[in-house]
Amino acid sequence: MRIITGKARGLHLTVPKNYDVRPTADRVKESLFNIIGQRVSGAAVLDLFAGTGNLGLEAWSRGARLIQFVDHNRDSLKLVRSNIAKCRAEQDCKVLKHDAEAAVDLLFRQGQRFDLIFVDPPYNKGWVQKVLHKLESVPLLTESGWLILEHSRHDDLTGQVPAGYEQFRSRQYGETILTFLRHASAPAGTEVLDGTAGGMGDGGQDA
């Protein structure tokens with residue numbers, strides 16, 4: 001697992017072998033950031049199920065100004081801190097030990113808002129649905145921000161898009177689906193060029 005591009009390009013991050021963590025595959029990660037494009041530059045990013053810190057640190061390498069990592073597992077957080085140190089990114093990164101729903105509430109009360117929120121929980125355990133339900137009542141995403149879900153193709157999101165949000169892109173990579181949400185009232189110019197779906201070199205297919 002490596003940082004694909006940016007300040008820490010080519011740096012290999014540490015992945016544990018003694019407990020259950022499922023880092024985002026490099027192929028899926030590259031596709032995800034191809035879709036995000038330049039909006040990562042200067043963004044405040046929330047990596048809600050941090051695991052190894054893979055997604056958040058890729059965003060940092062590409063120019064995000066702040067990364068907030070959240071995980072409830074002590075071993076995962078040790079790994080995240082280790083990978084932050086390996087990237088020398090301590091100044092721009094924060095780490096919070098909390099479960100996802102409680103973290104959303106806490107960060108909102110602290111007045112934090114995020115331009116990009118990554119939600120990459122353990123597959124098929126209902127976490128995606130729980131987070132979507134929480135974000136419906138807790139507006140942690142900025143008005144022009146994107147909420148990016150990485151989930152199993154078996155995770156049924158039918159009817160789960162929160163009120164006030166819209167799904168504007170979904171791509172499948174084998175077992176994994178990337179689903180992109182934004183506020184339905186997002187300002188003009190925040191959309192992806194969906195007319196090029198499949199033509200961005202991401203190797204996925206429309207889900």
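# Exercises on a predicted model

Helix 2 is followed by Gly63, whose phi is positive, near 115°. The model used in these exercises is predicted.

**Exercise 1. Determine whether helix 2 is enclosed or open to the outside.**

Step 1. Fix the range: helix 2 covers residues 54–61.

Step 2. Apply the cut-off, under which a residue is buried when its relative accessible area is under 20%.

Step 3. List the residues that pass. Asn54, Leu55, Gly56 and Leu57 are buried, and so are Glu58, Ala59, Trp60 and Ser61.

Step 4. Conclude. Because 8 of the 8 residues are buried, helix 2 is largely enclosed by the rest of the structure.

Step 5. As a check on one charged member, Glu58 has a relative accessible area of 0% and is buried.

**Exercise 2. Find the salt bridges and state which parts of the chain they connect.**

Step 1. Search the whole structure with a limit of 4 Å between a side-chain nitrogen of Lys or Arg and a carboxyl oxygen of Asp or Glu. The search returns 6 salt bridges.

Step 2. Take Arg2 and Asp26, whose side chains meet in a salt bridge at 3.6 Å, N to O. Arg2 lies in the segment before helix 1 (26–36) and Asp26 in helix 1, so this pair ties together parts that are 24 residues apart in sequence. Arg2 is partly exposed, at 30% relative accessibility. Asp26 is partly exposed too, with a relative accessible area of 24%.

Step 3. Take Arg62 and Glu58: the closest N and O atoms of this salt bridge are 2.7 Å apart.

Step 4. Take Lys134 and Asp105, which form a salt bridge at 2.9 Å, N to O. Lys134 belongs to helix 5 (residues 127–137) and Asp105 to helix 4 (residues 100–109), so the pair ties together parts that are 29 residues apart in sequence. Lys134 is buried, with a relative accessible area of 17%, whereas Asp105 counts as partly exposed at 25%.

Step 5. Look for shared partners. Lys29, Glu58 and Arg62 are joined into one network by salt bridges that share partners.

**Exercise 3. Count the cavities of 30 Å³ or more and describe the lining of the largest cavity.**

Step 1. Count: there is 1 cavity of 30 Å³ or more.

Step 2. Give the volume, which is about 50 Å³ for the largest cavity.

Step 3. Name the lining residues. They are Leu48, Phe49, Val70, Asp71, His72, His98, Asp99, Ala100 and Trp127.

Step 4. Classify them: the lining divides into 5 nonpolar, 2 polar and 2 charged residues.

**Exercise 4. Place Val15 in the fold and give the separation of its C-alpha atom from that of Asn83.**

Step 1. Locate Val15, which is found in the segment before helix 1.

Step 2. Assign its exposure: at a relative accessible area of 34%, Val15 is partly exposed.

Step 3. Read off the separation. Val15 and Asn83 are 68 residues apart along the chain, and their C-alpha atoms are separated by 9.3 Å.

**Exercise 5. Summarise the protein chain by elements, contacts and surface.**

Step 1. Count the elements: the chain has 5 helices and 8 strands. Their order from the N terminus is α-β-α-β-α-β-α-β-α-β-β-β-β.

Step 2. Assess burial. Of the 207 residues, 51% count as buried.

Step 3. Take the contacts with a separation of 6 or more; residues 24 or more positions apart account for 70% of them.

Step 4. Add the surface: the chain exposes about 9400 Å², of which carbon and sulfur atoms supply 46%.

Technical notes: Residues are numbered from 1 along each chain as its sequence is written. This is a predicted model: local features need pLDDT of at least 70, side-chain atom pairs count only at pLDDT 80 or more; totals for chains, interfaces and linings use all residues. Side-chain values use heavy atoms; hydrogens and water are left out. On a 1 Å grid over the protein atoms alone, a cavity is a set of points where a 1.4 Å probe fits but cannot get out, and a pocket is an open set with protein on both sides within 12 Å along at least five of seven lines; lining residues have an atom within 4 Å of a point. Grid points are joined across faces, edges and corners, and a volume is the space filled by probe spheres set on the points. Ala, Val, Leu, Ile, Met, Phe, Trp, Tyr, Cys and Pro count as nonpolar, Asp, Glu, Lys and Arg as charged, and the others, Gly among them, as polar. Buried means under 20% relative accessible area, exposed over 50%, partly exposed in between (1.4 Å probe, protein chains only). Helices (H or I, at least four residues) and strands (E, at least two) are DSSP runs, numbered from the N terminus. Contact means heavy atoms within 4.5 Å. Accessible areas come from the Shrake-Rupley method with a 1.4 Å probe; for residues, only the protein chains shown count as cover.
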